[in-house]
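Please take a moment with the sequence and the model before reading on, and keep both in view as the text moves from one region to the next.

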There are 2 protein chains.
Amino acid sequence: MALRFALLGLLNDRPSSGYDLSRRFAAGIGTYAWDAKHSQIYPELRKLLTDGLIEISDEGARGRKTYAITDPGRDALREWLLAGPSSTGGVRNEYVLRLFLLSALEPADAIKILKQTRAFAAEQVDDLTREYQSLRTESGGSPTGSGLAAQYGVHAYRATIEWADWAIKELRKSEH
Amino acid sequence: MALRFALLGLLNDRPSSGYDLSRRFAAGIGTYAWDAKHSQIYPELRKLLTDGLIEISDEGARGRKTYAITDPGRDALREWLLAGPSSTGGVRNEYVLRLFLLSALEPADAIKILKQTRAFAAEQVDDLTREYQSLRTESGGSPTGSGLAAQYGVHAYRATIEWADWAIKELRKSEH
DNA sequence: GTACCCATGTAATTGGTTACATGATTAT
DNA sequence: ATAATCATGTAACCAATTACATGGGTAC
């Protein structure tokens, strides 16, 4: 079910083709909220189309079809969001899992990985901050969907940096 | 693949039965790193057993089998951790997805959900902080695997709180 | 003209959830 | 005795990944 609403949500921001959507997953949403590959996206778009939740708003070169959300689609999305998370929302995140299991390593090895994690997170904070700034100037200072999401990412990655710094210190203490 | 190493990691902390493991998933690791149900755990344990990565260390009442990680199991776990994340580490987190899609709602509704999110995160921070303290006193002040994980959770949920507060403020601005 | 990206689709396989099924132990 | 929890397992179904497959457009 979640995939269907992820697609509706992305299309609610702006109309996109299947190809666009698969790049939007790969670039942002897929790295910390929900991922999907094109082989899953195209069939789901067709289902959404037959259900009337989206429509083809434009057709371009190379068989490109641009989809836009419809009013029933917007209703379905709102309803899902307001209904609250299904109790059965199991999380899957290999990156976080790896951090969970770090203590299986010698402190020196664990520290090496924590430093890599920290560096990656710092990069993400920079990228997202820049993205947020440009979204902000584009929209004239009003908060957009992607703006909230970008800020979420900034906060989440900053937390990772702080935790990694703390964890490195802790592991160094136990190294001797 | 990840499930197999999640199991090895949990067993590396301490020996457990399939039942214990499914509760450990439900209680902690499953809520922010990797989830698994018993119907997936039992078959995977059997595979790990035939591969020699775990062994039965004890048998109790009601057919209870306690599994422990073996030396080859520890080696496999370390190797996987050191090899670094597979490029194909797609994330799935319905809670975060919902936060991503909030802008599809009227500001007032979005704020309602953000407040719920904030309250839940604050609860988690309290729970995890308490858990961390008790782990700390138990282990005499040395950092354990679950200790690092608990602190990760504390940082991650604190970040959610800060972001939610910021997002509420932003949305209030655009409400009028 | 050829390499690269755009663009969409399907098939086979693997991973994961829900539902079905059974029975022992413990607490009340 | 009976309800709750412990404990393990399998089967059917659904979700997701990987691999296969095709072709148009653009830049060099």
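The paragraphs below look at two annotated stretches of chain A, then at the surface near a DNA strand, and finally at a pocket.

The model shown here is predicted, and a good place to begin is with what the records say about chain A. In an unreviewed UniProt entry, residues 7-79 of chain A carry the annotation "domain: Transcription regulator PadR N-terminal". Along this stretch of chain A the chain is 60% helix and 18% strand, while the C-alpha atoms at its two ends are 15 Å apart. UniProt, again in an unreviewed entry, also lists a "coiled-coil region" at residues 111-138 of chain A. Over residues 111-138 the chain is 100% helix and 0% strand, with 40 Å between the end C-alpha atoms.

We can now turn to DNA strand C and the protein around it. Which residues come nearest to this strand? Of the 21 residues around DNA strand C, the nearest are A:Y19, A:Y42 and A:K65 from chain A, together with B:S39 and B:Q40 from chain B. On the DNA side, sugar and phosphate make up 73% of the atoms of strand C that come within 4 Å of the protein.

Individual side chains show how such approaches look at the level of atoms. A polar side-chain atom of A:K65 lies 2.7 Å from a phosphate oxygen of DNA strand C, and an N or O atom in the side chain of A:R23 is 3.5 Å from a phosphate oxygen of that strand. For A:R62, a polar side-chain atom lies 3.1 Å from a sugar or linking oxygen of DNA strand C. Two or more residues of the surface near DNA strand C come from each of α2 (18-32) and α3 (38-50) of chain A and from α3 (38-50) of chain B. The element that gives the most is α3(A), with four residues. Sorted by class, this surface has eight charged, eight polar and five nonpolar residues.

The last stop is the second largest pocket, whose volume is about 760 Å³. It is lined by 34 residues, and those closest to its centre are A:D13, A:E131, A:G145, A:S146 and A:A149. Which elements supply this lining? At least two residues each come from α1 (2-13), α2, α6 (107-138) and α7 (145-175) of chain A, and from α6 (107-138) and α7 (145-175) of chain B. The largest share, seven residues, is supplied by α2(A), a helix that also gives two or more residues to the surface near DNA strand C. By class, the lining of the pocket has 18 nonpolar, 10 polar and six charged residues.

Note on methods
Residues are numbered from 1 along each chain as its sequence is written. Chains are lettered from A and ligands numbered from 1 in the order in which they are written. This is a predicted model: local features need pLDDT of at least 70, side-chain atom pairs count only at pLDDT 80 or more; totals for chains, interfaces and linings use all residues. Side-chain values use heavy atoms; hydrogens and water are left out. UniProt positions are given in the numbering used here, feature names are shortened, and annotations may be inferred rather than shown by experiment. A residue is near a molecule or strand if one of its heavy atoms lies within 4 Å of it. A polar contact is a pair of N or O atoms within 3.5 Å; within protein, one must be able to donate a hydrogen and the other to accept it, and residues adjacent in sequence count only if both atoms are side-chain atoms. Ala, Val, Leu, Ile, Met, Phe, Trp, Tyr, Cys and Pro count as nonpolar, Asp, Glu, Lys and Arg as charged, and the others, Gly among them, as polar. On a 1 Å grid over the protein atoms alone, a cavity is a set of points where a 1.4 Å probe fits but cannot get out, and a pocket is an open set with protein on both sides within 12 Å along at least five of seven lines; lining residues have an atom within 4 Å of a point. Grid points are joined across faces, edges and corners, and a volume is the space filled by probe spheres set on the points.
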